[in-house]
Amino acid sequence: MATPHWLFGDQLGPHFLAAGEGGPEHGAPVVMIEARSVFRRRRFHRAKAHLVLSAMRHRAAELGDRVRYVQAETYREGLRKTVGDGPLTVHHPTSRAALRLVSALPGVTVLPARGFLVPHGDFGAWADGHGGQRLLQEDFYRWVRRGHGILMDGDAPAGGRWNHDHDNREPPPKGARTLGVPAPYRPRESEVDEEVRHDLDRWEREEGIRFVGRDGPRLFPATRREALAALHRFVERRLTGFGPYEDAVLAADPVMSHSLLSSSLNLGLLDPLECVAAAESAWRAGAAPVNSVEGFVRQIAGWREYVWQLYWYFGEDYRGRNALGHHAPLPEWFLELDADAVTAHCLATTLAQVRDTGWTHHIPRLMLLGSHALQRGWDPAAVTDWFHRCFVDGYDWVMLPNVVGMSQYADGGRMTTKPYTSGGAYVHRMSDLCGPCAYRPTDRVGDRACPFTAGYWAFLHRHRARLSGNPRMARAVQGLDRLSDLDEVLRTESRRGDGPP
Ligand code: FAD
């Protein structure tokens with residue numbers, strides 16, 4: 001009999017069962033384990049727990065007699081119930097903890113990772129080739145495009161340029177409440193979802209397992225078929241507008257032209273190469289402009305891939321980095337996703353989106369939630385844990401570089417060249433969130449001082465010594481000297497304490 005193969009809950013697409021080099025044996029029986037301890041250890045968003053369980057159970061139903069699907073307290077218990085100490089193959093898991101577990105188990109062969117473009121060894125060689133110099137995402141992205149022939153014409157970038165960011169930083173169209181693009185794909189629930197919801201209710205009631213957020217109708221794909229439908233709908237009907245308004249935010253249109261594919265990619269339902277290939281085909285067929293297609297390709301072949309590689313490359317202690325010495329605890333209203341307790345319209349709107357859907361696009365994550373945490377000096381490990389638990393697409397590998405590095409600058413600049421934070425003027429320019437707000441983006445002192453504007457200056461002041469040595473921040477730091485009311489700004493900021501802004 002072929003050696004059984006273990007599928008983790010984020011290895012659900014057909015490419016994780018493709019036999020052949022680096023894959024499981026042909027026709028290998030499959031083991032899947034639903035470990036309850038995962039939900040006891042952390043308080044996840046309920047919509048996320050629902051999505052992951054629904055996706056695993058749908059996959060098991062598809063595999064039929066080929067799979068042994070067990071519910072157990074831990075993975076070890078699940079293995080005891082299925083294969084005992086017998087031999088087993090598994091693809092390289094996506095977290096360090098899971099890799100430690102499978103590596104320590106007798107009889108387990110760890111196969112190469114799937115669901116990403118670049119093997120770890122190739123990335124290591126590329127990174128080491130930089131001779132200790134700072135790694136740049138842009139260099140990596142071009143290297144991936146060349147290596148995989150993505151959006152290339154021979155040796156040259158197709159469409160004439162590697163980077164179309166210049167065309168992709170538009171504020172939202174003036175006066176528009178929505179972008180007016182066709183709605184994204186949304187799945188229809190099945191009886192599996194009903195069963196999952198029933199189980200989650202029971203776990204809450206009888207086992208004291210706690211969740212956060214609302215578990216409304218499932219919004220994200222749980223099967224390969226649904227994920228492909230979402231990809232095709234995005235490419236055919238929504239990709240065209242992706243580029244220009246990538247960074248813009250509209251309160252009444254949280255999704256805009258974003259693809260909503262992150263949870264499907266991270267569950268392993270889609271492979272990154274098929275996503276970028278579909279977008280490239282749309283451009284070659286004249287159905288989507290190059291700036292939108294390049295912008296989307298950059299997100300997947302550039303950012304997603306880079307983040308995955310850095311998770312492994314930066315090493316175990318990256319998780320604990322806290323270069324800015326931030327130790328404040330996350331306040332209750334943030335932990336509880338209590339949007340109604342928040343006065344600042346931008347934060348209230350974003351927190352409500354997280355509460356209701358477990359998703360926002362990248363600018364609310366970076367420039368609202370993350371930026372606020374950074375300005376308030378919240379503990380980066382706790383911020384990372386919050387993002388991991390509260391977002392449907394959150395996993396350890398994607399959280400560490402994105403939150404510790406990009407959003408909280410806790411790595412002191414290994415991931416990004418500067419901290420990503422701003423005053424209210426940026427929020428005002430890139431969104432329609434400031435209009436109805438009780439605060440004014442231009443005010444840095446007084447009752448109507450915008451928490452982001454006061455917070456920005458207070459942040460620069462607190463870290464002046466470190467940031468003035470950073471060429472990308474030096475001018476901003478010099479701006480502090482032109483503030484005649486800096487003392488008042490700092491008093492305004494400190495008066496806020498930890499209460500909701
Ligand atoms: P689109 O805007 O349509 O982008 C297309 C795809 O690109 C995404 O589906 C995603 O797979 C990929 N992508 C783009 N940027 C990144 C990135 N920085 N890291 C990884 N993938 C990227 N992404 C996650 O998948 N999981 C997370 O938990 C997550 N947490 C984040 C936390 C912070 C603080 C920040 C700043 C970003 C985070 N991101 C995360 C990246 C990005 O915000 C989401 O991938 C994106 O918003 C998902 O929505 P979408 O599928 O519509 O993306």
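His 5 of strand β1 (residues 5-7) stands opposite Val 30 in β2. Strands here are DSSP E runs of at least two residues, and helices are H or I runs of at least four, numbered from the N terminus. Residues are numbered from 1 along each chain as its sequence is written. This is a predicted model: local features need pLDDT of at least 70, side-chain atom pairs count only at pLDDT 80 or more, and totals for chains, interfaces and linings use all residues.

Start with the confidence. pLDDT is the predictor's confidence in each residue, from 0 to 100. Its mean over the protein is 96, and 99% of the residues reach 70 or more. Where pLDDT is low, the predicted coordinates should not be read in detail. For the complex, the predictor gives an ipTM of 0.99 and a pTM of 0.98.

Now follow the strands. Two strands pair if DSSP finds at least two bridges between them. β1 runs parallel to strand β2 (residues 30-35), with three bridges. β2 in turn pairs in the parallel sense with strand β3 (residues 67-72), over six bridges. There, Val 31 stands opposite Arg 68 in β3.

Go back to β1. Its pairing with β4 is parallel too, over two bridges. Trp 6 has Val 90 of β4 as its bridge partner. β4 also pairs with strand β5 (residues 108-111), parallel and over four bridges. Thr 89 stands opposite Thr 109 in β5.

What covers the step from β4 to β5? Helix α4 (residues 96-104) joins β4 and β5 in a right-handed β-α-β unit. Right-handed means that, with the strands pointing away from the viewer, the path from the first strand over the helix to the second runs clockwise.

Strand β4 (residues 88-91) is covered on both faces. Leu 88 and Val 90 are buried on one side, Thr 89 and His 91 on the other. Buried means that 20 or more other C-beta atoms, placed from the backbone, lie within 10 Å of the residue's own.

Turn to the ligand. The shell around it holds 28 residues, each with its C-beta atom, placed from the backbone, within 6 Å of the ligand. His 258, Ser 259, Ser 262, Gln 299 and His 362 come nearest. Elements giving two or more residues to the shell are α9 (262-266), α11 (290-313), α14 (362-376) and α16 (396-407). By type, the shell has 14 nonpolar residues, 11 polar and three charged. Domain 2 (120-185 + 221-313) and domain 3 (320-495) each supply at least three residues. These domain bounds come from an automatic or database assignment.

Methods: Ala, Val, Leu, Ile, Met, Phe, Trp, Tyr, Cys and Pro count as nonpolar, Asp, Glu, Lys and Arg as charged, and the others, Gly among them, as polar. A residue is buried if 20 or more other C-beta atoms lie within 10 Å of its own, exposed if 12 or fewer, and partly exposed in between; C-beta atoms are placed from the backbone.
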